[in-house]
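Take a look at the model below. The text after it starts from one residue and works outward.

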Amino acid sequence: MYDNEYLESISLARGSEVNVYNDDIIYEDTIYKKIKYDEKEYLVNVNNLVKDSEEVVKENTLYVRTSSVSLT
């Protein structure tokens with residue numbers, strides 16, 4: 001997430017819910033949306049926004065990172 005001068009400002013955890021303004025902002029061939037999060041405004045690349053929470057994970061294949069224990 002970027003501030004109004006396109007400097008990296010904060011990063012949010014994947015799946016964080018934000019409020020999005022309608023207007024597109026184009027800067028250096030990249031399209032951004034202005035969002036509101038925690039009462040502040042930021043810019044985010046439109047490719048990093050989704051409407052449906054199930055689209056948050058972009059990967060088609062996922063792998064378990066921790067060991068699992070069989071409960072049988």
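Leave aside the neighbours within four places in sequence, and Asn45 is in contact with Thr30, Ile31 and Tyr32. This is a predicted model, and the values here are computed from it.

Where does Asn45 sit? Its place is in strand 3, which covers residues 40-45. Is Asn45 buried or exposed? The relative accessible area of Asn45 is 18%. The cut-off for buried is under 20%, so Asn45 counts as buried. The side chain of Asn45 also has a polar partner: it reaches the backbone nitrogen of Asn47 at 2.8 Å.

Now step out to the sheet. It is open, with 3 strands in the order 1-2-3, and the pairing is antiparallel. Strand 1 (19-27) and strand 3 stand at the edges. Each has a single partner strand, so one side of each is left without a neighbour in the sheet. From one strand to the next, the twist averages 30 degrees. As a general point, strands of a sheet pair through backbone hydrogen bonds, either parallel or antiparallel.

Next comes the pairing of strand 1 with strand 2. Strand 2 spans residues 30-37, and 6 bridges join it to strand 1. The two run antiparallel. Ile31, a contact of Asn45, is the bridge partner of Ile26. Elsewhere in this pairing, Asn19 stands opposite Lys36 in strand 2.

Strand 1 and strand 2 form a hairpin with 2 residues between the strands. What phi does Glu28 take in this hairpin? Glu28 takes a positive phi near 50 degrees.

Methods
Residues are numbered from 1 along each chain as its sequence is written. This is a predicted model: local features need pLDDT of at least 70, side-chain atom pairs count only at pLDDT 80 or more; totals for chains, interfaces and linings use all residues. Side-chain values use heavy atoms; hydrogens and water are left out. Helices (H or I, at least four residues) and strands (E, at least two) are DSSP runs, numbered from the N terminus. Buried means under 20% relative accessible area, exposed over 50%, partly exposed in between (1.4 Å probe, protein chains only). A polar contact is a pair of N or O atoms within 3.5 Å; within protein, one must be able to donate a hydrogen and the other to accept it, and residues adjacent in sequence count only if both atoms are side-chain atoms. Contact means heavy atoms within 4.5 Å. Two strands pair if DSSP finds at least two bridges between them. Axes are lines fitted to C-alpha atoms, for helices over the stretch in contact, and angles run from 0 to 180 degrees between N-to-C directions.
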